[in-house]
Amino acid sequence: MTSTSAAAAARATVHGYPRQGPNRELKKAIEGYWKGRVDADALRATAAELRRARWQQLAEAGVHEVPTGDFSYYDHVLDTSVMVGAIPARHREAMAADRSPSSRLLPHSQLRSSGGTPMRRGCPLDGYFAMARGTQDVAPLEMTKWFDTNYHYLVPELGPDTVFAADSAQQVAELTEALGLGLAARPVLVGPVTYLLLAKPAPGVAAGFDPLTLLDRLLPVYAEVLGDLRAAGADWVQLDEPALVQDRSPAVLNAAARAYRDLGALPDRPRLLVASYFDRLGEALPVLAKTPVEGLALDFTGAAAGNLEDLAAVGGLPGKRLVAGVVDGRNVWINPLEKSLATLGTLLGLAGRVDVSSSCSLLHVPLDAAVERDIDPQIARWLAFARQKTAEIVTLARGLAQGTGAIAAELAANRADLASRAGSALTHDPAVRARAAAVTDADGRRSQPYAERAAAQRAHLGLPLLPTTTIGSFPQTAELRTARADLRAGRIGTAGYEERIAAEIREVLAFQEKAGIDVLVHGEPERNDMVQYFAERLTGYLATQHGWVQSYGTRYVRPPVLAGDISRPEPMTVRWTTYAQSLTDRPVKGMLTGPVTMLAWSFVRDDQPLGETARQVALALRDEVNDLETAGSSVIQVDEPALRETLPLRTAARAEYLAWATEAFRLTTAGVRPDTQIHTHMCYAEFGDILQAIDDLDADVISLEAARSRMQAAAELATVGYPREVGPGVYDIHSPRVPGVDEATALLRKGLDAIPAERLWVNPDCGLKTRGWPEVRAALENLVAAAREVRESLPGAAS
Ligand SMILES: CN1c2c(nc(N)[nH]c2=O)NC[C@@H]1CNc1ccc(C(=O)N[C@@H](CCC(=O)N[C@@H](CCC(=O)N[C@@H](CCC(=O)O)C(=O)O)C(=O)O)C(=O)O)cc1
Ligand SMILES: N[C@@H](CCS)C(=O)O
Ligand SMILES: [Zn+2]
C-alpha cells in the first residue's frame, strides 16, 4: 500500500476502556453480590449492559474497531489465568465442588459442553472471586502492580507440574456480544510471553523455577483460544506484550520470537496484532517485526516516543498494520493534535497501514471530564479523560485519512487550549520556585546518623521489643463515607461531620489501647483517600468529583491532577493527630503520604521534569512534618508505597529517578529532631530492586507488605545488611480472612530469621481501610497475642 492509501485507510481504535460504568455500577453490583444483595444473574446482567454501553459509546464516537475481552469482573490477568486453566490447586478443588451453572461467570446459555462433560467451561463466580480475595480457608493469589501504574493484578502461580487447558468461553462470549451489536471488534488478550513473565512460582515450587520454561506448553492453549475466536468471527486479535518493553535477556527475546513464529504459523487463525506500551519496545522491536504477525501496536508517548526512531532504524513494518498509540492513555492532558499528526505522518512511510489509538488501555484514566463541575471551565479545557481521548483519536484518524482541512475546527480549538495552559499563572508561582531553587544537600540530611538517632528514639519512646503498630487507616465504614457524602451534599454541617470524625477517632484509640498496641494511629477517618485528601489541601492540585480509576478489583481511586506549582496554605493533619494524641499516653503516629506517592497516584505535569514537581510537593510536606513535631508527635510516618511502582521500566532511567525520589523523601523528613522517629511504609510491590533506595530514604522504621510472600521483603532487606528497623506485614489486609495467632506467630518467627528482635516491628501489611471492624478487631488481637508470644520466647525474656 502506498502511504497515501495507507493514510486514507487510517482507522480509530483503543486498546481498552474503563470498565466501571459512569457511576461505578460494576463495583456496586460486585460488592452487592459479595454481600448477598445481588444474585449471580443480576450481576451478569449489569456486566453485560456495561459492556454494551461502552461499545456503543465508542462506536458512536467514531471508533472503527472496538476492543473486547478488556472487561473484567476483577482483573484481566486473573481472567487470563482462567483462560489458560492456570487455577492454583487449592482453588481447583473448591471450584470442582461448585457445579451449579447459575454460579458461573457466564450465563448458562453461553457455556459450552465438552466431550459429554457438561459445564466444563466457564469459571464459577465464587471460585473466581476466591482466587482474587481468598476465603477463610483458601489464600488468594498474590497481588502486585501492573508495571508502573496504580492498577494491580493477581499474580499467576505456575510450576513444573502446571497443566494448561484452554477456556475461551469468556473471550468468545464477549466477542459474540460485540459482533451481535454490528460492530467491528478485536479481542484483546494478555500475550503468552507477558503472562509467563508476570507469573511467579506456585507455593511449594522452588523460587528458582522460571515460568518461561512453560512457553511450549502454553502456546497450544493460546492456539486453541485463537482458533475459537476465529471461529466466533474474530478478524484481528490483539496480544498485549507490555513486558517486552523492559530490558530483556536474549532468552526472553528468543521466547518472544518463537511464540509469534509458532502462533503466526497456525493454519486457521485471526490476524495478530502484538501490542506493547509504557515504554519503547527497544530490542524486542526487530524481533517482533520479523515474525509473521500482521501488526504491531506501539506507544509513541512520553518515554516511548523513541519508538519512532527505533521503527525507522529497523526499516519500518512494510506490509504490516501499525496501530499508533499517539494519545496518552496514562495522563489527562489534551493531546497536542498537530504534533501527533506530524508523528502519524512520519509513520505512514513506515508501515503498510497506520491506525490511530491510545498508547495503552484507557483503563488508567477516568471516564469523562465533561461531568466535572467543580473544575474551573478554563482549566477543564486542558483535560481529556477516556471519552475525550477517544474523540481525539477519532479526530486524528480523520485528519490522517482526509487531511488537516477536515479537522480544522478541532485543530484551532486545540491550539487555543494548549496556549491557555502554557500561559497560565497556575503553573508559575515565584515563591514556590524560589524556595525549590534554594534547597541544599543539607536540607535533605538529618542532623545525626541513624545509630545515634535510634538510641535517642529508644530512650524517648520506651517501646518493648517487637513493638506493635498498624499502618494508619482503620475501616472506612459506610457510615463514614455517608457522613462525607452528607457533608458534600449539605445534609449535615461541618460541626456535625467533625463530631462524627472525632467520635471515630475516640473509638479507634480506645480499641488500640484495649488491644495493647504500642504505637497508635488515629485511623485516618477524615481522609477520603491518602492522596486525594492531601491534594484537596494543596494549592496547585486539582481534585475530581467523579474521576474514578480502577486500582484493584472493586477498589477505585480518583487520582488528582498536579496542574500547577504546589504550596501548602495551612497545616493539613495536625488538628486530628493532636486530638488523637490528647486521648492517650502512648505515642500516636502522625500520618502523611510521601512526595513520590503523591506524584505516582496523581496525574502529573508534563510541562516540567517530574523531579521538580516532587521537590515542590516535598517542601509542602516538610512543613507538615515539622508542624506535627512541634505539635507533639514523636513518631511520624511518611508513606511511600509507590516508590517501587514508579521505577522506570528501563534500567538506564532508574538511577536518575531514584536520585530525585529519595531526595524528595529526605527533604520531607529530614527537618525533625533526632529523637523523632520517622517511619515509612511500602506495599503492593516486589522490593528486590530498590533495596539501596530504601536505605537511602534514611527512615528509622519501614513497614512492608510481606504476609502473602511469607516475609520475602524482610529476607531481601537482610541480604543487603539493611541496618534499620523493619515491620514486615503479618496480616494480609487484602483478604477478608483473619490470620490466627499461630499463623502470625509463624510469620514473626520467620521475620526473626531475617531481622533481629531489636529491629523487628509487628504490623499488618498495609492500612485497614478496606476491611470491616469484626475482622480488624480479631486480626489485631491475634497480632498482639502473637507479638507477646514471640516476645516471651526470646532468649533473655522474663518467663
Ligand atoms: C493504598 N492504595 C491506594 C492507591 N492509590 C490511592 N490513591 N490510594 C490508595 O489508598 N494505590 C494502591 C493502593 C490501592 N488500594 C486501595 C484501597 C482502597 C481503595 C478504596 O477503598 N477506594 C474506595 C474509594 C475511596 C474514596 O475516595 N472514598 C471517598 C468517596 C466515597 C464514595 O464512593 N462516595 C460515594 C457516596 C458515598 C455513599 O453514599 O456511600 C460517591 O461519591 O458516589 C470518601 O470516602 O469520601 C472505593 O470505594 O473504591 C482504593 C485503593
Ligand atoms: N497510611 C495508609 C497507607 C496505605 S498504603 C493506610 O494505612 O491506608
Ligand atoms: Zn500500604
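1. First, a working definition: two residues are in contact here if their C-beta atoms, placed from the backbone, lie within 7 Å. Keep in mind that this is a predicted model. With that cut-off, Glu25, Leu26, Ala29, Ile30 and Tyr33 of helix α2 meet Ala40, Leu43, Thr46, Ala47 and Leu50 of helix α3. Sorted by class, the residues of this contact come out as 8 nonpolar, 1 polar and 1 charged.

2. Now the geometry of that helix pair. Helix α2 covers residues 25–34 and helix α3 covers residues 40–61; their axes are 9 Å apart and the packing angle is about 170°. Angles over 145 degrees count as roughly antiparallel, which is why α2 gets that label relative to α3.

3. Glu25 deserves a second look. This residue sits in helix α2 and takes part in the contact with α3. Glu25 also turns up in the UniProt feature "binding site" (unreviewed entry), together with Arg24, Leu26, Lys27, Lys145, Asn150, Trp601 and Glu645. How far apart are these positions in sequence and in space? They span 622 residues of sequence, and their C-alpha atoms are up to 28.3 Å from one another.

4. On to the domains. The assignment for the protein chain gives domain 1 as 3–17 + 65–73 + 146–422 and domain 2 as 450–477 + 517–791. Their C-alpha centres are 34 Å apart. Domain 1 puts 24 residues into the contact and domain 2 puts in 25 residues. On the domain 1 side, the residues touching domain 2 are 13 nonpolar, 5 polar and 6 charged.

5. UniProt has its own entry to set beside this: "domain: Cobalamin-independent methionine synthase MetE N-terminal" (unreviewed entry), listed for residues 13–95 and 124–347. The span 13–95 is 57% helix and 4% strand, with 37 Å between its end C-alpha atoms. For 124–347 the figures are 38% helix and 19% strand, and the end C-alpha atoms are 45 Å apart.

6. Ligand 1 has 22 residues around it, and the closest are Arg484, Ala485, Asn528, Arg555 and Val557. Elements giving two or more residues to this shell are α19 (478–489), β13 (549–552) and β14 (555–557). Which element supplies the largest share? That would be α19, with 5 residues. By class, the shell holds 10 nonpolar, 6 polar and 6 charged residues.

7. Last, ligand 2. Around ligand 2 you'll find Ile471, Gly472, Ser473, Met530, Met591, Asp639, Pro641, His681, Cys683, Cys766, Gly767 and Lys769. How do these residues divide by class? The split is 6 nonpolar, 4 polar and 2 charged.

Technical notes:
Residues are numbered from 1 along each chain as its sequence is written. Chains are lettered from A and ligands numbered from 1 in the order in which they are written. This is a predicted model: local features need pLDDT of at least 70, side-chain atom pairs count only at pLDDT 80 or more; totals for chains, interfaces and linings use all residues. A residue is near a molecule or strand if its C-beta atom, placed from the backbone, lies within 6 Å of it. Ala, Val, Leu, Ile, Met, Phe, Trp, Tyr, Cys and Pro count as nonpolar, Asp, Glu, Lys and Arg as charged, and the others, Gly among them, as polar. Axes are lines fitted to C-alpha atoms, for helices over the stretch in contact, and angles run from 0 to 180 degrees between N-to-C directions. Angles under 35 degrees count as roughly parallel, over 145 as roughly antiparallel, 65 to 115 as roughly perpendicular and the rest as oblique. UniProt positions are given in the numbering used here, feature names are shortened, and annotations may be inferred rather than shown by experiment. Domain bounds come from an automatic or database domain assignment.
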